[in-house]
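These are my working notes on a structure that I looked through entry by entry. I record what I looked up and what I found.

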Amino acid sequence: MLDGDPLRVEAGQPLAAALMKAGLSVFRRTPVSGAPRAPFCMMGVCFECLVEIDGVPNQQSCMVEVREGMRVRVQDGARNLEATR
Amino acid sequence: MNISTDPGSGFTHDVIVIGGGPAGMSAAMTAAEYGCKVALLDEQPRPGGQIYRNVTRAPAALRELLGPDYQRGSGLAERLQRSGVECHFDTTVWDVGQDLTVTAQCHGRSTQLRPRQLIAATGAMERPSPIPGWTLPGVLNAGAAQILLKSSGTVPSGATVLVGGGPLLLLVACQLLDAGARVAALVQTTPTSNLLRALPHLGRASLTPSYLAKGAGLLQKLKRAGVPFYRDAREIRIEGESGVSALTFRAGGTCVSIAADAVLLHHGVVPNTQLARLLRLEHRWDDTQLAWQPCVDAWFETSLPGLRIPGDGASIAGALAAEASGALAALGAAAAIGRVDCSTQEREARAWRKLLRKHSRVRRFLDELYRPPEWLVAPPDETIVCRCEEVDAGTIRHMAILGCQGPNQTKFFSRCGMGPCQGRQCAITVSQMLARAHFKSVQEVGSYRIRPPLKPIPLGSIAALASPSVSRSACKEEFE
Ligand SMILES: Cc1cc2nc3c(=O)[nH]c(=O)nc-3n(C[C@H](O)[C@H](O)[C@H](O)COP(=O)(O)OP(=O)(O)OC[C@H]3O[C@@H](n4cnc5c(N)ncnc54)[C@H](O)[C@@H]3O)c2cc1C
Ligand code: FES
């Protein structure tokens, strides 16, 4: 589930990869200027990919694998509506 | 699997290894061979580290595409599985104490372990490339694109431009090409003058010719595929509003603009010193690799007794050298706790040292040849340096004029380095920029102080640690 809408993706890949494949192009907006951001390092060192997973905020989606039934919310209202359809 | 603490000594393990890349796997297996009780922790879901990421699970066709250097990881991972090493994946180490107590989180719960010897084989990260527009969605590190390929079989869609320099940039370009990506250009930033710096080291490099042959092969492949090459590119800007649309730069006196959907940056890799900084270890600035390195001895022991850092986390030397240094660190650890005597240790170390020398011979040549351009740490004023807090290069320079001598001061005054990445993406740039501004060495300027947790940890995870009984049961559940 991404922002309440069901999303079917292949399990066993990094969540960030699955979300990008599903068309999510903006993962967060910066608190200072509201600039759009997306995964940059894919190895846990840039923190651009933070999402809320099963109610726990600030999870690095590049370091977590997709599991069945995962509930994901994009943080800071940066959700890209196109991607959730 | 049960974690038990030896009631007499308070230790849970003889040796704990953080990191399951080539250095960590090799260290853990070697320590286990000498009868040590070993645990290996890695935040990834399976062994491999960066080079062999996902190797135990990647489909055969993908392994084939990634080549024999990647497939070597399968053998290591299989041996690890049979080695008797206790492996804990999805386990992030977020604190280490001066007494080597390791605090790690697995599935939302934190646990503490205490080894007699700790080997941190935490590897490297890609050097930040602060270029105007590098924060736009659609800009990734080249290694990040490689991770996407290894872990999910995907390549960037649309016109992909690679920018920077180094062997990994060429490798990723070739791998993406093979995987069906549309590589629109390879924009090399390496200054032409580097060749002169590198030439004196060519003789030594050619004593291990496989590396040079591989490099030549990659270049040839890209040429044959008709990928446009640009050399000595500078004044690079990534254009776009909510995502990348183009790349502009100057090369050979002309201005070039290339339409792009994805831009992949790479200026080599540098040791990830986050854990080493947390422990206030002694570091030296290496002016050839342009990176911080924790100081280590011949057995990879750091300035904190009992803590060893082998592999690319100590100094960039590549996967095969990492395997050798991991084994040497393990021999050091086993000897320190009396599992091998000095003469066996020396005898067993000989072959590893020989391998380490063999695979290090090419390094100086590569370091000089692909030394990042000076302008990389002199970005235009409006370039974001700290991605998290959006502090730009102009602000850092202004702080320097106001008298900030070191990165901890600029952090205090501008919040640069205070965001969630804890300075991972700006530390090296800020130190180099301050050094330039004050005509000092980077060594004198220093780097950020790092505090725990190394990664954001939910309060619930930390709370479990407060009560020893909860912590014990958490750890049992987690590691069973
Ligand atoms: C993105 C990337 C791609 C690369 N690709 C290649 C390649 O294709 N070919 C090549 O020759 N070289 C490649 N390299 C260079 C690479 O550094 C070395 O070849 C090799 O992987 C170094 O091995 P290592 O064991 O020292 O570290 P690594 O392989 O980096 O292993 C370090 C391990 O430590 C773990 N770790 C780090 N911090 C923690 C923590 N706090 N808690 C738990 N676990 C932790 C990481 O998850 C990782 O698995 C790449 C480097 C990077 C950064
Ligand atoms: S993409 Fe950099 S931390 Fe996840």
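**Entry 1. The start of chain B**

Leaving aside neighbours within four places in sequence, with which residues is B:Asp6 in contact? I looked this up in the model, which is a predicted one. I found two partners outside that window, B:Phe11 and B:Arg116. I placed B:Asp6 in the segment before β1 (13-18) of chain B. I noted a relative accessible area of 36% for B:Asp6, so this residue counts as partly exposed, in between the limits of 20% and 50%. I also looked up the separation of B:Asp6 from B:Val340: the two are 334 residues apart along the chain, and their C-alpha atoms are separated by 21 Å.

**Entry 2. Chain B as a whole**

I turned next to the make-up of chain B and noted 18 helices and 22 strands. I then asked how the radius of gyration of chain B stands against the globule rule, and what follows from it. The radius is 22 Å, close to the 23 Å that the rule gives for 480 residues, so chain B is as compact as a globular protein of that length. Along the principal axes, I recorded a box of roughly 70 × 50 × 40 Å filled by the C-alpha atoms of chain B.

I looked up burial as well: 59% of the 480 residues in chain B are buried. The area that chain B exposes is about 19,000 Å², and carbon and sulfur atoms supply 53% of it. Of the contacts in chain B with a separation of 6 or more, I noted that 68% are accounted for by residues 24 or more positions apart.

**Entry 3. Chain A**

I made the corresponding look-up for chain A and found 2 helices and 5 strands. I read their order from the N terminus on as α-β-β-β-β-β-α. Buried residues make up 55% of the 85 residues in chain A. Chain A exposes about 3,800 Å², of which carbon and sulfur atoms supply 47%. Among contacts in chain A with a separation of 6 or more, residues 24 or more positions apart account for 46%.

**Entry 4. Two helix pairs in chain B**

Two packed helices are described by the angle between their axes and the distance between the axes. I looked up both values for each pair below.

For helix α1 (residues 22-33) and helix α3 (residues 68-82) of chain B, I noted an angle of about 35° and axes 10 Å apart. The crossing of α1(B) and α3(B) is left-handed. I listed B:Pro22, B:Met25, B:Ala28 and B:Met29 as the residues that α1(B) brings to this contact, and B:Leu76, B:Ala77, B:Arg79 and B:Leu80 as those from α3(B). By class, the contact of α1(B) with α3(B) has 7 nonpolar residues, 1 charged and no polar.

For helix α4 (residues 142-152) and helix α5 (residues 167-178) of chain B, I found axes that come within 9 Å and cross at roughly 35°. The crossing of α4(B) and α5(B) is left-handed. From α4(B), I recorded B:Ala142, B:Ala145, B:Gln146 and B:Leu149; they meet B:Leu168, B:Leu169, B:Leu171, B:Val172, B:Gln175 and B:Leu176 in α5(B). I noted that the residues of the contact of α4(B) with α5(B) divide into 8 nonpolar, 2 polar and no charged.

**Entry 5. A residue of α4 that touches chain A**

I stayed with helix α4 of chain B, where B:Ser152 is found. Is B:Ser152 buried or exposed? I noted a relative accessible area of 16%, so B:Ser152 falls under the 20% limit and is buried. Not counting residues up to four places away in sequence, B:Ser152 touches A:Gln13, A:Ala17 and A:Lys21 of chain A, together with B:Ile147.

**Entry 6. Backbone details in chain B**

I looked for positive phi values outside glycine and noted B:Leu290, with phi near 50°. I placed B:Leu290 in the loop between β18 (283-286) and β19 (291-294) of chain B. With a relative accessible area of 9%, B:Leu290 is buried.

B:Phe300 is not a glycine either, and I recorded a positive phi of about 65° for it. I found B:Phe300 in the loop between β19 and β20 (307-308) of chain B. B:Phe300 is buried, with a relative accessible area of 12%.

Lastly, I looked up which residues a cis peptide bond joins in chain B. The bond lies between B:Pro452 and B:Pro453, with omega about -5°. I placed B:Pro453 in the loop between α16 (442-445) and α17 (459-466) of chain B.

Key. Residues numbered from 1 in each chain as written. Chains lettered and ligands numbered in written order. Predicted model: local features only at pLDDT ≥ 70, side-chain atom pairs only at ≥ 80, totals over all residues. Heavy atoms only, no water. Axes fitted to C-alpha atoms, helices over the stretch in contact; angles between N-to-C directions. Helix = DSSP H or I, 4+ residues; strand = E, 2+ residues; numbered from the N terminus. Left-handed = near helix turned anticlockwise from the far one by under 90°. Contact = heavy atoms within 4.5 Å. Nonpolar A, V, L, I, M, F, W, Y, C, P; charged D, E, K, R; others polar. Rg over C-alpha atoms; globule rule 2.2 N^0.38 Å. Buried < 20%, exposed > 50% of the residue type's maximum accessible area, 1.4 Å probe, protein only. Areas by Shrake-Rupley, 256 points an atom, 1.4 Å probe, with all protein chains shown as cover.
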